[in-house]
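Work through the exercises below with the sequence and the coordinates at hand, and try each task before reading its solution.

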Amino acid sequence: MLNVHTITAFNDNYIWLIHQENSRYAYVVDPGCGQSVIDYISTTDLKLVGILITHHHADHTGGIEMLQQHFKHALNVYGPDNEKIAALTHPLNVGSQSTLNVPHLDPITVMAVPGHTLGHIAYYLQESLFCGDTLFSAGCGRLFEGTAEQMLKSLSMLAQLPDSTKVYCAHEYTEANLKFALHVTPNNQQLIDYVDKVKRLRAQKKPTIPSSIGIEKAINPFLRCHLHETQNAIAAQLEEKEIDTIQAFTQIRLWKNNF
């Protein structure tokens, strides 16, 4: 069984500390802030042995050097080989999908999910998905480097994972994303119910993450661009009669950018 610890950083970042149950050897996913990780680990008996990086943005990589300097033992740092991340010790050439074997964890499926950045990757193990800034709850990442076609393909691949898969994204964006989702499809009852759940969690200052693939397929407009309900809403926004899935995704991403 995989244990996942939530470490908060900056205004809305999540850093994930993971280890097998009954093991004290841990990995951290996307440590944008090294001190946050050091402070958290100091309250546990865990030993940090490695780092998993999804993409090159500083709020995901900025803490690597501090962690390497702080811990006296060597840290294995895994990440995409086609992005400029100087601290990597194990650059990963993923293709579309590959298996990564690391000490003290079960085998990890690594998936290329370009869109937010060109080299963005996601890690999947034991029905837990660590997807960085590709898939958010009720949203998806901005297209800073990739194309709409690339991001749609990436999200479609993630949507094929089991519905029970827990989604550990890297930001607490859920409330803002849900406001937009409701604007697009206000009659989606599952979305309406999820909004109420999220409001209760945030009122108690609790995270809304992890979500699940099943939840996202029900409420996330970026995973529902193939549905008539979403396409019709976007077509109406554009004053068009009919659009297809890629047109819907392209336009809904632009719509969200300016919402």
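**Exercise 1.** Which residues touch the most other members of the largest nonpolar core?

*Solution.* In this predicted model, the largest nonpolar core has 53 residues, and those that touch the most other members are Ile18, Ile108, Tyr123, Leu129, Phe130 and Phe249. Take Phe130 next: once its neighbours within four places in sequence are set aside, Phe130 is in contact with Leu2, Val4, Trp16, Ile18, Val29, Thr54, Ala122, Tyr123, Leu125 and Tyr168. Apart from the largest core lies another one, of 21 residues, which includes Ile7, Ala9, Val37 and Ile53.

**Exercise 2.** Find the strands that pair with β8, and state in which sense they run.

*Solution.* Begin with β7 (residues 97-100), which pairs with β8 (residues 108-112) in the antiparallel sense over four bridges; here Leu100 stands opposite Ile108. Then turn to β9 (residues 121-125), which is joined to β8 by four bridges and also runs antiparallel to β8, with Tyr124 of β9 as the bridge partner of Thr109.

**Exercise 3.** Determine which residues of helix α4 are buried, and where they lie around its axis.

*Solution.* Helix α4 (residues 148-159) has 12 residues and reaches 16 Å from its first C-alpha to its last, close to the 16 Å expected. Its buried residues are Ala148, Met151, Leu152, Ser154, Leu155, Leu158 and Ala159. Seen down the axis of α4, these buried residues fall within an arc of 160°, and therefore they line one face of the helix. An α-helix has 3.6 residues a turn, so residues three or four places apart point the same way. As a last step, identify the packing partners of the buried residues of α4, which are β8, β10 (128-132), β11 (135-136), β12 (139-140), α7 (213-219) and α9 (245-257).

Definitions and conventions: Residues numbered from 1 in each chain as written. Predicted model: local features only at pLDDT ≥ 70, side-chain atom pairs only at ≥ 80, totals over all residues. Heavy atoms only, no water. Pairing = 2+ DSSP bridges. Helix = DSSP H or I, 4+ residues; strand = E, 2+ residues; numbered from the N terminus. Expected span 1.5 Å × (residues − 1). Buried < 20%, exposed > 50% of the residue type's maximum accessible area, 1.4 Å probe, protein only. Arc of directions from axis to C-beta. Contact = heavy atoms within 4.5 Å. Core = buried A, V, L, I, M, F, W, Y, C linked by side-chain atoms within 4.5 Å.
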